[in-house]
Amino acid sequence: MNAAMMLKKDKGTQFKMHPKKFALWLFMVSIVMMFAALTSAYVVKQSDGVWLDFELPVVFDLTSIIIIASSVVMQLAYYFAKKDEIVKMRLMLFLTALTGVGFLIGQYLGWQALVAEGVYFVGNPAGSFLYVLTGLHGFHLVSALIFIAVVAVAAFKYKVHSKSLDQLEMCATYWHFLGGLWLYLYLFLTLNH
């Protein structure tokens, strides 16, 4: 088969993923790469031997439970949207945002506990890495909360329903991704503090 025939044959094949979903997946891959680089640097720097040993604040345990609960609630929002139960979907989006804000408050309280324990952003790489990892995750969570607000506005305009799920699906994908990322960071920091 020559190249012209192969091109003609493949011409009918279309990329089936929504371009915005594809962009979201590329964005999430870049986040994974950034956190993989940071956690790798953490391990390398820890092997230098000048490392402050400390326990993670207990509030990080609570924020981990909150982030799992928020993923469950977000999935319920998607479920209700598929069933055209718009009022329930809106409520679940609100609860997802509320648990997201609760997570961020918990992270801030965790930072306060770290400062009380003598773990600062500067002074030792252990503290620096901890604040950078949790802070970057928190920043991405804020972006997800903005995404939830955009989807909620669309839901109140009846633009999110069983026949128009792309926006909510992308929001849920990003939210679940950030929940999984936090669980990875939590386990990583717990095992490598």
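These legends accompany several close-up views of a predicted model.

**View 1. Helix H2 and the elements that cover it.** Let us start with helix H2, which takes in residues 19-46. At 1.5 Å a residue, its 28 residues should span 40 Å, and the end C-alpha atoms of H2 are 41 Å apart, so the expected and modelled values agree. Which residues of H2 are buried? They are Lys21, Leu24, Met28, Ile31, Phe35, Leu38, Thr39 and Tyr42. Among the elements that cover these buried residues are helix H5 (125-156) and helix H6 (166-191).

**View 2. Helix H3 and the residue after it.** Helix H3 covers residues 59-82 and has 24 residues. At 1.5 Å a residue, H3 should span 34 Å; the C-alpha atoms at its ends lie 35 Å apart, which agrees. Look just past the helix for Asp84, which follows H3 and has a positive phi, near 60°.

**View 3. Ser70 and its contacts.** Here we move in on Ser70, a residue of helix H3. Is Ser70 buried or exposed? Its relative accessibility is 0%, and buried means under 20%, so Ser70 counts as buried. Once neighbours within four places in sequence are set aside, Ser70 is in contact with Thr96, Thr99 and Trp175. Two of these residues return in View 5: Thr96 in H4 and Trp175 in H6 both belong to the contact of those helices.

**View 4. Helix H3 against helix H6.** The axes of H3 and H6 come within 10 Å and cross at roughly 160°. Angles over 145 degrees count as roughly antiparallel, and that makes H3 roughly antiparallel to H6. The crossing of this pair, H3 and H6, is left-handed. In the contact of H3 with H6, the residues divide into 14 nonpolar, seven polar and two charged.

**View 5. Helix H4 against helix H6.** Helix H4 (residues 86-116) packs with H6 at an angle of about 30°, and the two axes are 13 Å apart. Angles under 35 degrees count as roughly parallel, and H4 and H6 are therefore roughly parallel to each other. H4 and H6 make a left-handed crossing. Which residues of H4 meet H6? From H4 come Met89, Leu93, Thr96, Gly100, Phe103 and Gln107, and they meet Leu168, Trp175 and Trp182 in H6. Sorted by class, the contact of H4 with H6 holds six nonpolar, three polar and no charged residues.

**View 6. Helix H5 against helix H6.** H5 and H6 have axes that come within 10 Å and cross at roughly 160°. H5 and H6 are therefore roughly antiparallel to each other. H5 passes H6 in a left-handed crossing. What classes of residue make up this contact of H5 with H6? The contact has 20 nonpolar and five polar residues, with no charged ones.

**View 7. Ile146 on helix H5.** To finish, find Ile146, which has its place in helix H5. With a relative accessible area of 52%, Ile146 is exposed, because exposed means over 50%. How far apart in space are Ile146 and Cys171? Their C-alpha atoms are 9.9 Å apart, while in sequence Ile146 and Cys171 are separated by 25 residues.

Methods: Residues numbered from 1 in each chain as written. Predicted model: local features only at pLDDT ≥ 70, side-chain atom pairs only at ≥ 80, totals over all residues. Heavy atoms only, no water. Helix = DSSP H or I, 4+ residues; strand = E, 2+ residues; numbered from the N terminus. Expected span 1.5 Å × (residues − 1). Buried < 20%, exposed > 50% of the residue type's maximum accessible area, 1.4 Å probe, protein only. Contact = heavy atoms within 4.5 Å. Axes fitted to C-alpha atoms, helices over the stretch in contact; angles between N-to-C directions. Parallel < 35°, antiparallel > 145°, perpendicular 65-115°, else oblique. Left-handed = near helix turned anticlockwise from the far one by under 90°. Nonpolar A, V, L, I, M, F, W, Y, C, P; charged D, E, K, R; others polar.
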